[in-house]
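Got your viewer open? Let's take a short walk through this one, a stop at a time.

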Amino acid sequence: MGISYAVAGVDNVAEEVAWVVGDQPIWKSEIEDAYQSMLYEKTPIDGDPYCVIPEQIAIEKLYLHQADMDTVEISESMVNQQVESQINYYISSLGSKEKVEQIFNKSLPALREGLREMWGNRSRVQQVQRNLTKDITSTPADVRRYFSKLPEDSVPYIPRQVEVQILTAAPAIPREEIDNVKARLRDYSDRITKGESDFSTLAILYSQDPGSSGRGGELGFMGRGQLVPEYAAVAFNLNDPKKVSKIVETEFGFHIIQLIEKRGDRVNTRHILLRPRVSEKDLSDAVVRLDSLRTDIVENNKFTFEEAVGYLSHDKDTRNNRGVMVNSESGNSRFQMSELPQEVAREVNKLQPGEISQAFIMKDPKTNHDIVALVKLTNRIEGHKANLSDDYQAIKNMYEQSRQKEILDEWLAKKIKDTYIRIEDGWRECDFKHTGWIKTK
């Protein structure tokens with residue numbers, strides 16, 4: 001099937017070419033590698049993988065050619081962070097570096113290099129697409145016209161959404177508990193320094209960071225901006241991988257840190273995190289105090305919920321925003337129930353708009369510490385088919401996405417038409433997503 005190009009590789013085996021785009025071959029092995037990665041990551045493939053995947057690679061090559069012409073530059077440090085994040089994900093899910101190498105049939109350095117190329121290419125493609133669509137604007141008239149022409153079965157269903165305000169109290173952690181946590185960390189540090197225990201073993205056994213404990217506390221390569229300031233200040237000053245840092249306090253708890261490797265402006269460390277616990281009595285007392293506060297708001301009308309938030313709430317992200325919770329995905333105040341913290345959703349389910357919950361204990365989504373909260377249901381929007389008055393922003397986003405797709409499809413059609421493309425026998429019998437791949441005289 002098709003022609004073969006001799007390429008450098010194991011035993012200099014001839015490689016089979018499936019497509020040629022411009023002067024760039026698409027190798028059969030390239031398609032197989034992409035297929036295996038998609039299977040492992042459970043990426044849905046809409047059609048025959050030996051049609052879908054080479055077409056995707058060909059489209060990427062067209063964008064990369066444009067990126068070369070536009071001299072598109074990307075952040076190498078950002079690409080490296082994405083690579084390390086994916087490597088860490090593989091190690092965490094498969095259990096060890098050796099298992100990763102076995103599954104992907106590549107050494108870790110080779111896998112890392114392949115991922116670096118993949119993420120680098122993906123970033124350059126995205127930058128070209130942004131450049132092509134950056135001038136899209138939308139007026140209310142555009143959005144109305146777009147919505148009026150949407151077929152009935154294309155109007156999206158908007159699930160039930162809520163708007164919520166929150167007031168939180170974080171009980172003080174007893175000094176005795178903090179001293180106990182520090183003593184345990186000092187003991188771990190002594191055992192590591194004396195060679196009695198391995199840092200990674202102790203991290204697996206005792207660290208309370210669920211994201212890294214299974215990997216022996218390893219965080220992977222990170223820049224300063226990815227780490228909380230107190231942790232970064234210590235991590236970037238470590239120079240000896242055999243030594244253990246002093247105890248570091250952050251909003252997440254107390255850590256000891258060990259350097260693994262530095263690479264330019266990134267550092268790979270492992271750590272052991274211990275979180276001091278709030279006593280049950282202090283949590284119970286905080287529940288009583290917030291229930292009393294609720295009574296003063298609801299029954300005694302001493303002040304409003306919003307006033308109480310401004311004076312008393314411990315959550316800095318919502319305290320200056322009248323307690324309004326903001327959805328980090330959409331950037332607005334509306335949440336589907338599944339997007340709320342579990343404990344908040346459970347309380348909100350019991351409320352009518354305007355009502356305030358009883359005090360309850362929850363995990364702080366950011367630090368995982370136990371805190372006590374009151375929530376007020378500000379608004380509930382029942383599930384419905386989208387309409388302009390309630391869902392203007394969602395429909396505006398749909399309109400802009402459709403314009404982006406039109407522009408990119410038009411650009412791609414012209415690029416396919418103007419580029420030399422050859423598809424070898426055995427790879428041509430496909431129902432491609434885009435037309436024009438197979439040139440006719």
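The tour below has three stops, starting with a disulfide and moving on to a pocket and a lysine. Keep in mind that this is a predicted model.

**Stop one: the disulfide.** Select Cys51 and Cys430 and show their side chains. The two form a disulfide, with sulfur atoms 1.9 Å apart, and the structure holds just 1 of these. Now colour by sequence position: Cys51 sits in helix H2 (residues 49-69), while Cys430 is in the segment after strand E14 (421-423), so the pair links parts of the chain 379 residues apart. Check the dihedral about the S-S bond too: it comes out at about -75°, so the disulfide is left-handed. Switch on a surface and look at Cys51 again; with 10% relative accessibility, under the 20% cut-off, this residue counts as buried.

**Stop two: the second largest pocket.** Centre on Asp364, Pro365, Lys366, Thr367 and Ile371, which lie nearest the middle of this pocket among its 41 lining residues. The space in there is about 1,200 Å³. To see the walls, highlight some elements that each give at least two lining residues, including strand E5 (161-169), strand E8 (253-263), helix H12 (316-319) and strand E12 (370-381). Colour the lining by class and you get 17 nonpolar, 11 polar and 13 charged residues.

**Stop three: Lys182.** Jump to helix H7 (residues 175-193), where Lys182 lies. Is Lys182 buried or partly exposed? Its relative accessible area is 25%, so Lys182 is partly exposed. Leaving out residues up to four places away in sequence, Lys182 touches Arg175, Ile247 and Phe254. Finally, measure across to His255: the C-alpha atoms of Lys182 and His255 are 8.9 Å apart, with their positions 73 residues apart in sequence.

Conventions:
Residues numbered from 1 in each chain as written. Predicted model: local features only at pLDDT ≥ 70, side-chain atom pairs only at ≥ 80, totals over all residues. Heavy atoms only, no water. Disulfide = S-S within 2.5 Å. Helix = DSSP H or I, 4+ residues; strand = E, 2+ residues; numbered from the N terminus. Buried < 20%, exposed > 50% of the residue type's maximum accessible area, 1.4 Å probe, protein only. 1 Å grid on protein atoms, 1.4 Å probe; cavity = no way out; pocket = protein on both sides within 12 Å on 5 of 7 lines; lining within 4 Å. Points joined across faces, edges and corners; volume = space filled by probe spheres on them. Nonpolar A, V, L, I, M, F, W, Y, C, P; charged D, E, K, R; others polar. Contact = heavy atoms within 4.5 Å.
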